[in-house]
Every structure is written in structure tokens, then in C-alpha cells.
Amino acid sequence: MSIRIILVSTLLILLLGSPVALSWFLGSQIQTKPIVPPGREEVVFWHFWGGQDRDVVEDVVQRFNESQSSYWVRPIAMPGNNLQAKLFLSVAGGDPPDLVNQDDPILADWAERGVIQPMDEIGGAEIEKIGDWMFESARRLSTYDNQFFGVCNGLDIRAMYYNKTALQQYGLSPPETIEDLDRIANTVSPANEAHERYAYLPDSRRFWAWGFVFGGDFFDPQTYRANVDSQPLVECLRWMQSFGRIYGPDNLAAFRQGDQSLPGKTFPLLPIEADSVVGRYCLIMDGQWRVRDIFNFQNKRREAGIACPEYDVCPLPSPSNGRKNAGWVNGNFFVVPSGARNSTGAWEFIKFWIGFNQESQAAKTCAAGGWIPVSQSVVDDPLFQEYLDKNAMFAKFVELAGSPNQFPIPQVPGAAFFKRTIEAAGYEAMSNPDKSAVEILKSANERIQKHLDRAREDLKLNEERP
Amino acid sequence: MIKHRKNRWWICGLLWVASAIFSLPLVVMISGSLKSSEELARNPYGLVPESWSWNNYLDSLQSMPFTIYLTNTILLCVGCVVGTTLSCALVAYGLSRVPWRGRGLAFGLVVATMLLPWHITMIPRFVLISEIGLYNSLWAIILPTFLGEAFFIFLLRQFFMTIPEQLLEAGRIDGLSHWGLFWNIVIPLSKPALATVGLFQFVQTWNDFGGPLLYLNDPQKFPLAYGLERFVSSYSDQTHLLLAAAVLFTLPVIILFFLAQKTFIQGISTTGIKG
Amino acid sequence: MFTGLLFCSPWMIGFLLLFVWPFVASLYWSLCRFDLINRPRWVGLDNYLRLVSEIGTDQGFGLALSNTVYYAALSVPLSVVIGVLLATLLSAKVRGQSVYRTLVFLPSVIPVVAASILWLWLLDPNDGLINYGLSWIGMDSQNWLNQSRSAFSGESVGVLSGWISGEPLRLFGSKDALVLMTVWGVGNFVVIYLAAISDIPNALYEAAEMDGASSIRKFWHITIPMLSPVIFFNLVMGLIRSVQTFTSVYVLSEGTGQPGGSLMMLSLQLFLSAFNDFEMGYASAMSWILFVVLLIATIVLFRTSRYWVHYRVAA
């Protein structure tokens, strides 16, 4: 008996040891903790970028580290969901990073609960200057209750991508109104048929974007009331439901899955088969980051000498009583957690990244990453202008960034719940196209209001304490 | 128990079908991990890859700091296995071989904690761990195992109870204290049970996801299970790499299982714990 | 007395620090609003009232509860039935018995994170292996992890009637997928049943054979009754385990409980309420309700313990 045990434990040790040995052997990529150069203070910086974007981030960090000799930024990639939970745990656990880049609607909650520091305490009067220097939409994303708690460093704008070649084949032009879009949908993918591809299908999570386009406002800050069941939003949701009625919600659900899971094919506007010029959709609402995918795709095709469809972008089509050049804007923003050890270093890095008084640095970053700058002065930088000249599609996004009709999710405590509930309402409506839109929105509105009230009441309670 | 000879053919057939169904996912996982992304899209479930893309493994090793994750996992496993076997053996001895007032009650409490959901203690434990400054340290996961684990205490106690009293009596006559009895008689006799405990703790720690999710925030400290989950969201479109990473992560457990199959099976059938 | 305490001291400390104090703290916090950063604020039974008011609705605790109940109600009995059947089969003395046993057991040692990655791929509605298998036996492809509606829900009636009128039958949703994944890992239950089966005295079967009983009769009248204590033990253990399911739903839904909140299990809801919504009080109250429900199950287990303890000792 005991011989077997000895045998097993020896094997165990071997088993434990061999992967280690193997991976040390393989480990040309071993990333040991980088050593902070003497005389510099470390700035621990969390972000969630992966893939190509991560290289851009690391390049910015490197340029910053080389540009001065007081601080040393250590970037840590934290991909995946629930970064906010992770940050919250780190603040509560007492070991937060010095700087975090985020894109979830958490500014208000974190500010009220003291998870993050107000920017004016870190940057002093400079923050007001940065506020004036920024786009309106970037300022909206950086402030809560008229105070800066974050600094926006990149805008995400959504617009309608379309396959020019495919539309031309059908004799169609890009949509300007919702009616145009419906007509295109009907021509390319008529109702009551199974389709390999669809002209356009709304994504339930894009209820935010379409809601703003239809002229809706989800929240009224004056009265502090959620406004989710207002007429424009009801109409918007009904329009989104119409796709489910026409094609069948389950067919859509099945079709949708392919959008995420086809190996190696992430943007469903692009055709998969080499002999095809149309992807899974002819039109798709998406953000500026897809410009890069299209560019790469077209290059590949041209190199291989295969017929290559043309693509372009237009603003989201709107109904007659809706908003033009509208949409939902979100973006990345920096926050400095409470308890950060090196907030001054973080502040210097923030300014470097957004290009405040050093526009060409930000122009370089934005051109490398295909990101939308947060200030017109960065856009005007010759380096960035050169980039825009070469990327006409991208330029349209930059133009939309300046539109007054680009709205973020309301910056109120409970915004994450707000966002979730709106998206869930969109999902519910689209998977039950016969359910009353009014009913869905009324119940969502009630839940959201309850949550907002509770959040506010909670925070009041917090204020009362000494 | 089915013994009729004439029934054999359909039993064999059923067994064959059942084990094929159960093992097929694993087979396609391994074969999928060896296909190029192009082949995987075209022919996901062909059992034999047309061209063997061993590169997938190198690629997936290089797309995440695999070495670091693995080192952390091994540190955690070693720490937790040492902690659990040590503490649980001590406690089990105290609960089985040392007569004292309140022993019955203590054992009852051990059994009670065995069945408690982890949810209820999750938040306070987090607060405790961060108060003593262990947040974002591997010790946050290792240290609690030094304080005993109900299931394993239970298992070891049951085992210690089967050790003949005469042996301990003989030790006592030789002038051994409880400490001496524990080290010189009970521990040497209990190696199979201790191995079971160590094995289960190893697998448990290897698989642990909730602990790192709560307590670790520096990728330099992530173990494989958690690192792999992070990997899922950023590589969701590269199934071949995900599968290769999953195979790499699974392989040690499977090898371990084959090496210590009996211990596994005995452990599960005597306690009903999942490995 | 002193020696005993000394030997037990690691557990004593652990018990005080990791159980007693957390229990008291979480009970207190469940009566407070608490965000872990600012001081807790007493609100009495507010959190519990909120939880109760959510029962029966499709939000918060209500949603998580119904999801968990659905999952447990399907996966636990299914695991038992399939487990017993497999164990009976695997107890047959045929060539290659140990190979079959290993193959059935192997899935249960796969780490949950790896298994979830695997199943994400197998359950793909378009080209997943499972749908491929279903099409093989002439079934329509299912949406699995992309559909919030479950097979055994009221809405399925509509789907069935649609099927009669020629639409594809898309019954199974994300929770059914989770059940499937759980049943795949039934191997460790099988091992327990196998151990119990080998303890059944052969004389019983031999006597039955003399009476000319068929295999099925022997299964019903000997195997099942003799296994019943173990089955019961596994029922309760399975229930506890299914209520605590966390890792698989976290990985499958990337920590969101999507689609449509259908994978929002109690444990995930608890985690998100606490660390995403900063509602420690609400989360603590939820864990206490969970605890009470499981406590009742545990008491039932202990009340009947004499039945199964007898066999465990014999084993």
C-alpha cells in the first residue's frame, strides 16, 4: 500500500514539476514584473484593452515613460466583464491601482460613494481648462453633477455601416430615414422567408442609440424622473419589435449567435466565403473601431485579387420627428481610485494621453488606435488631419462626435442598473414581438425609478453621517 | 447487478453508446485544439485534424502569461495541500483519538459547517482578509486552508476511527504522548487517507475560480483557472486557441486522475465530495 | 481536555474567524444598507422586505430564485436518474468494464472553467456539436445559450403549437444548456452509486433469479430499494451543489447572467449585488434566505441520516 502512495506522490511531484520545467523552457515570453527605474515613482494603471489595442496602449505608456523622468507607468491589462467589481474590490480591499481606464456608466455611483477622487483635487484649476478644451460629449462623459470625476480620453460613436456594392446591386441608396431602412430591409430580406443574410437587424442592446434617434430622452435630470415610457421610446421599441414580428424571434436569436461565435470572423458585415461580396448583413450599426476591420478585410481581398465590396458609413437614419446625426455616445475615461498612492503621476499621464498642450502625442495615439480624440485641437493637429484624409469613413465618425445629438447614458447613481434594465427591456421586446411595448417600458420605468430613488436615498443617508 | 449472459450484447451496446456520448466532447475538444482556425470553421467536428496545428498550443501559451499563471496555480496548490493535510489531520486526531468534553459537539459543528453555503460568509470573509492585509496576495487563498476544511476533517476522522485501539495503547505503554502517537502511529498508518485529502485539495485548488476572482487583482498573481476565464472574453473569436488553452489546463488533472484513479474513486465513494 | 483543544485549535480558530464572525457580521449587515466603504446604516427588515417583494417577479432576487429553482428541479433529479442507470449498466461484469467506467467518470474531473469553454463551443446554435447531433436524429437546431426561454416554461406551449404549424421547434434555452453540462459531469455520482451497488449482497440477486425474476424486476425490486439511502444522500448533496452553482454560469455568461437574465443564478446575483451594485446588505439578506432554505434541506438530511449512515459504515 505505502509503496503505491510513495509512487503516486513521486509522480505527483514530477507532474507538478514537469509543466513548470516545460514552461520555463518554453518561456521566452516570461514576463517578470518590470523593475521601476531608480528615482521614479510607479503608476499602476489598469485598462481592459486587448489584442491590437493593447499594443497601442503600451506604446503610449512607453512614450510617456520616455518623455519624463519622474514617473513610471506600469500598464495592467484587465480584459473581460466586471472590471468595476474588480476595482471596487481593490478599493475595499485596500490595494487599488493608481489609475483606471473604464467605459462603464459608473462615474456617478463611484463618485458618490467615494470610490474615486474628484479630479479638481488632483489636477487643481487645470481641470477646468481641460473641460473647455474638450468636446461637449467628452465633457458630459467626464462629469457628474457638474464636477469632474473622470477625464474622457476617447469617444465611441456609432453610425450605420453599409455595404455599398450590395445596396447598388439591389438599386438601393443608403438610408436617411427609418422608412428608407425598412424599405431596404424588405427588398433584401423579405418577410416570412428563411434568410442566409439579412439587410439589417436591430440589436436589443442598441435600444439606447435608437431611442435617442427617435427623439427620446431616458431621464429628466430636472425632475429626477426616469422617462422610459415616453412616446418616442415606445415608438422606437415598436419599430425594433417589428423585425421580430417579420422574421420570427427564434430565427433571429439563432442567426444572431453566429455574429459572435464564427471563428475568426468578428464583423458580420464582411463576407466569409471568398466568392461572396455580401456578409451576414448589408447594414449594421457599429462603432468607429470597425473601420479598421473593413480596411484589413479589403486589403486582404485586394492582395488576393478577389472582388472586393465597397463600404461606407452614414449617420443613423431617423424618423421624421426624430433627431438627425444622433446616437448613443460612450467612451473611455480615466478615474483615480481613492487610496491611490500616486495620483500626481496619474494626472501627468492623463494629460499626456489626452494630449492637453501636447496635441501631437494624442494625435499619434488616436491615429495608431483608430480612436476618436476628445478635443477639436487634437483633431486639427496636422498628424491627425493626415490620418483623416486617408480614412474617409473614420472622418465621418469624428464629425459625428461634434454633433449636439450624441447622448451618453444618464450620469446618475444607479446608471449601471439603468443601462441593464433598458437593454433587458430591448431584449424582452425583441424576443416577444407581440408583447406590448408600452407595458414593457412602463414596468422598466417603474423599476428604474425605484432603483434611482433608492440609490439617491442611500447616498443621502451617507451624507448625513459626520 | 446484471449477470445474465444472454443480456450481455445489449448491455455492451448501451455501455458503448453511453461512454461514447460522455467522452465525445473531450475527444472533439482535443481534436479541435489541433486544428487551424480555418479548418475549425470549415469542419469543426472531424475527429482527426487534416493538418496537425501544434502551433495552437504555442500560440495560446504566448497569448497569455501562461508561465506566470501556472506558477501561481502551483504555489496555491502546494500551499493549500500542505495547509489542509496538516490542519485537518491534527483536528481529526483531536476529534477521534483524544477524549475531551465537548468533542461530540465540536464534531457536530464540523459536520454542520460542511453543509453551509459559501455565500453567507463571502462578504465578511472578504472584509476579514482585507483587514489583515492579505488582499491581493496568494495567502488570502492559502491561509484559510491552515484552519481546517470540514469535509476533509470528516474524512480523516472516519479513517482515524478505524485504527485499532491496541496500536495506540501499545504506543502509550511506550510512553508516547498524544503528539507522539499522532506522528508515529496515526500518520504513518493513514497515508492513503492523507493522500486522498491532498489529492482532492489539489484538484479543488487547481479548479478554484471564486477565490482568485474575489481576492486577487494583479495579473502577476492570477492562477490558471482565473487567467483562463479572462482569456475567454478577449479571445472569444479564436476558438482553436481557447480549446488549446482548455486542454492545457485540463491535462494535468486528467493525468493525475489516471495516476491515482483508485484514490480518486475511493475518496468520492466514501465522502460523496466532488473532486 | 487541553490536548484535545490543542489538536482542534486550527479548526477552532477557523470556526470563529471564518464562520462565527462572518455569520454575525452578515446577519447584522443584512439589516443595514452597507456598501463596504461607508459605514453600515441600520434599515431594519428593509432588505428582506425588498427580497420578498421581488419573489414571483422577473427581477432581482425573484428572477435569480426562479432560475435557480428551475435549474435545480431539472438537474438534480436528472442527475440521479441518469446516475443510477449508468451505475447499474457499469456494474455489469463485461470486458472493458473499467474503460467504460473511466470514460463516464472522466468528464466530472474536468475543471469547470475548461468545461465551460468547451460547452460554449459545443452549444453553438449554428455549428455546435450538440445541434449537429440533434440534426442527426432529425431534430431542429436549438438556440441553447442564446435563448433565455427554457424548455419547461409556459411559453413553450406556443412554440409547440408553432411547431405543429411547421415552424422549427426551438425548445431549449440557456438553463437547459446548463443542465446538460451538469448531467455530463454526473460521473462522481455514478462512482458513489457503484460503490453502493457493490455492497448489495449477491444473495439477494441469486434468490431473485431462482424465482425467475427478469433483469428489470431485479433492478426495480432489489437495486433501487437498496440504493435508496444513497440516492437520497445524493439528492440533498446535489441540491446544495446546484444552489451554489457559480463558476459555470460566470464563465458561460462572462459574469453577466445573459441572455435575458436567464443565467442569473442566486450565487451570481449575490456576487453582482454585492460588488457591482454595492449592496452588501441586500446581498447578505439574500444569502440568509438561501441559508435558511438549505438548512431545511440539511435538517431533512440529518433526520434521515440513520438510513444512509448504516450503509456508509458498512462500506
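1. Let's start with the seam inside chain A. Domain 1 of chain A and domain 2 of chain A bury about 2000 Å² between them, and carbon and sulfur atoms account for 57% of that area. Keep in mind that this is a predicted model.

2. Which residues give up the most area on the domain 1 side of chain A? They are P105(A), M393(A) and F397(A), which together make up 31% of what that side buries against domain 2 of chain A.

3. If you want to find the two domains in the viewer, look at the domain assignment for chain A: domain 1 takes in 41-156 + 329-404, while domain 2 takes in 163-327 + 411-457. So you can see that each is listed as two stretches of chain A. Their centres, taken over C-alpha atoms, are 28 Å apart.

4. How many residues touch across this seam? On the domain 1 side of chain A there are 25 residues in contact, and on the domain 2 side there are 21.

5. Now for the polar side of things. Between domain 1 of chain A and domain 2 of chain A there are 2 salt bridges, along with 10 residue pairs in polar contact, both partners at pLDDT 80 or more. Several elements of chain A each supply at least two residues to the domain 1 side of this contact, including α2 (51-67), α4 (107-113) and β6 (151-156). The largest share, 5 residues, comes from α18(A). Sorted by class, that domain 1 side has 13 nonpolar, 6 polar and 6 charged residues.

6. One salt bridge to click on in chain A: the side chains of D312(A) and K396(A) meet, with 3.3 Å from N to O.

7. Next, hop over to chains B and C. Here the contact takes 92 residues from chain B and 95 residues from chain C. About 8600 Å² is buried between chain B and chain C, and 79% of it comes from carbon and sulfur atoms.

8. How many salt bridges are there between chain B and chain C? The count is 0. As for residue pairs in polar contact between chain B and chain C, with both at pLDDT 80 or more, the count is 2.

9. What does the chain B side look like? Helix α1 of chain B (residues 8-32) provides the largest share of the side that touches chain C, with 17 residues. By class, this side of chain B has 66 nonpolar, 20 polar and 6 charged residues.

Technical notes. Residues are numbered from 1 along each chain as its sequence is written. Chains are lettered from A and ligands numbered from 1 in the order in which they are written. This is a predicted model: local features need pLDDT of at least 70, side-chain atom pairs count only at pLDDT 80 or more; totals for chains, interfaces and linings use all residues. Side-chain values use heavy atoms; hydrogens and water are left out. Domain bounds come from an automatic or database domain assignment. Contact means heavy atoms within 4.5 Å. Buried area is the accessible area (1.4 Å probe) that two parts lose on being put together, summed over both. A salt bridge is a side-chain nitrogen of Lys or Arg within 4 Å of a carboxyl oxygen of Asp or Glu. A polar contact is a pair of N or O atoms within 3.5 Å; within protein, one must be able to donate a hydrogen and the other to accept it, and residues adjacent in sequence count only if both atoms are side-chain atoms. Helices (H or I, at least four residues) and strands (E, at least two) are DSSP runs, numbered from the N terminus. Ala, Val, Leu, Ile, Met, Phe, Trp, Tyr, Cys and Pro count as nonpolar, Asp, Glu, Lys and Arg as charged, and the others, Gly among them, as polar.
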